[in-house]
Amino acid sequence: MKNFWLYFVRIVSLLLFLFVMFRNISVIWIVLYGITLIAAFFFGRFFCGWICPINTCMIATDKIVKKHKLPQRKTPSWLSSGWFSWLLFIAFIAFVVTSQVLKRQLLPIPLYFAGVAIILTFFFLPEVFHNAICPFGTLQKLCGRTALFSRRVVTEKCTGCKTCVSVCPPNAISIDPKNHRASIDVALCHQCFECETVCPAQAIIYKRKS
Ligand code: SF4
Ligand code: SF4
């Protein structure tokens, strides 16, 4: 049932996104994104997992890639520190402001990023775009890093089996080398249900920060 609502919201959001883009009223999408940024302080970056149309396109692409067993590379080391995503973010803001001043209209930039994300997913794991490239995700990461509510691991229940690690799209779960238990990086977590669904010990729950 949880997954039904997740996919329902994703499809409705994708349709809304296409509608506002092709009707040239993208300001509605900007307002929606702004609201989710504020909400990220409380509920994490659910925009990325539930609403973002780029992610929805990536999920469909990733399913095709996995079905055909095409190889996907991990995040290259030079991208993993995160500085590149901020560089791209600054370039993105500069581009938006310049296009607004020169053309006096908002360009459908998310559509361009969706194209980039789809192509990248054929060659790299989704974590690369989510964590190291997407400027919308970079801002969500910043606001959601100390989220009040999030999916979290109950350490006492976790057996360290790593099942959750393999299904997490943004690679937000790691196994602590000291206690061999999973932990979730809230800044990266998209608040989807993938890990919770597969955990054999029911060790992942949605809860308030302690
Ligand atoms: S799937 Fe569950 S039990 Fe296994 S490592 Fe993840 S949280 Fe722990
Ligand atoms: S699989 Fe779990 S940790 Fe990964 S993004 Fe989804 S809810 Fe967050």
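In this predicted model, Lys66 forms a salt bridge with Asp62, and the closest N and O atoms of the pair are 2.9 Å apart. The two residues, Lys66 and Asp62, stand 4 positions apart in helix H4, so about one helical turn separates them. The count of salt bridges in the model comes to 2.

Both partners of this salt bridge recur in the description of the largest pocket, a space of about 500 Å³. Its lining is made up of 20 residues, and those closest to the pocket centre are Asp62, Lys66, Val167, Cys168 and Pro169. Two or more lining residues come from each of helix H1 (2–22), helix H4 (53–67), helix H8 (126–132) and helix H10 (163–167), with H4 giving the largest share, 6 residues. Because domain 1 (2–144) and domain 2 (150–208) both give residues to this lining, the largest pocket lies between the two domains.

The second largest pocket has a volume of about 420 Å³. Its lining comprises 23 residues, among which Ile30, Tyr33, Phe92, Pro110 and Phe136 lie nearest the centre. The elements that give two or more residues to this lining are H1, helix H2 (27–43), H4, helix H6 (83–103), helix H7 (109–121) and helix H9 (135–144), and of these H6 gives the most, with 6 residues.

Enclosed space is also found in the model, where the count comes to 3 cavities of 30 Å³ or more. The largest cavity has a volume of about 90 Å³, and of the 15 residues that line it, Cys158, Cys161, Cys164, Ala182 and Cys199 are the closest to its centre. Ligand 1 sits in this largest cavity. The residues around ligand 1 are Cys158, Thr159, Gly160, Cys161, Lys162, Thr163, Cys164, Ala182, Cys199, Pro200, Ala201 and Ile204.

Around ligand 2, the neighbouring residues are Arg151, Cys168, Pro170, Ile173, Ile184, Cys189, His190, Gln191, Cys192, Glu194 and Cys195. One of them, Cys168, is also listed among the residues closest to the centre of the largest pocket.

The table sets out the residue classes for the linings and ligand shells described above.

| Site | Nonpolar | Polar | Charged |
|---|---|---|---|
| Lining of the largest pocket | 9 residues | 4 residues | 7 residues |
| Lining of the second largest pocket | 21 residues | 2 residues | no residues |
| Lining of the largest cavity | 11 residues | 3 residues | 1 residue |
| Shell around ligand 1 | 8 residues | 3 residues | 1 residue |
| Shell around ligand 2 | 7 residues | 2 residues | 2 residues |

Read by class, the lining of the largest pocket includes 7 charged residues, whereas the lining of the second largest pocket has no charged residues and 21 nonpolar ones. In the shell around ligand 1, 8 residues are nonpolar, and in the shell around ligand 2, 7 are nonpolar and 2 are charged.

Terms used. Residues numbered from 1 in each chain as written. Chains lettered and ligands numbered in written order. Predicted model: local features only at pLDDT ≥ 70, side-chain atom pairs only at ≥ 80, totals over all residues. Heavy atoms only, no water. 1 Å grid on protein atoms, 1.4 Å probe; cavity = no way out; pocket = protein on both sides within 12 Å on 5 of 7 lines; lining within 4 Å. Points joined across faces, edges and corners; volume = space filled by probe spheres on them. Nonpolar A, V, L, I, M, F, W, Y, C, P; charged D, E, K, R; others polar. Domains from an automatic or database assignment. Near = heavy atom within 4 Å. Sits in = over half its atoms within 2 Å of the grid points. Salt bridge = Lys/Arg side-chain N within 4 Å of Asp/Glu carboxyl O.
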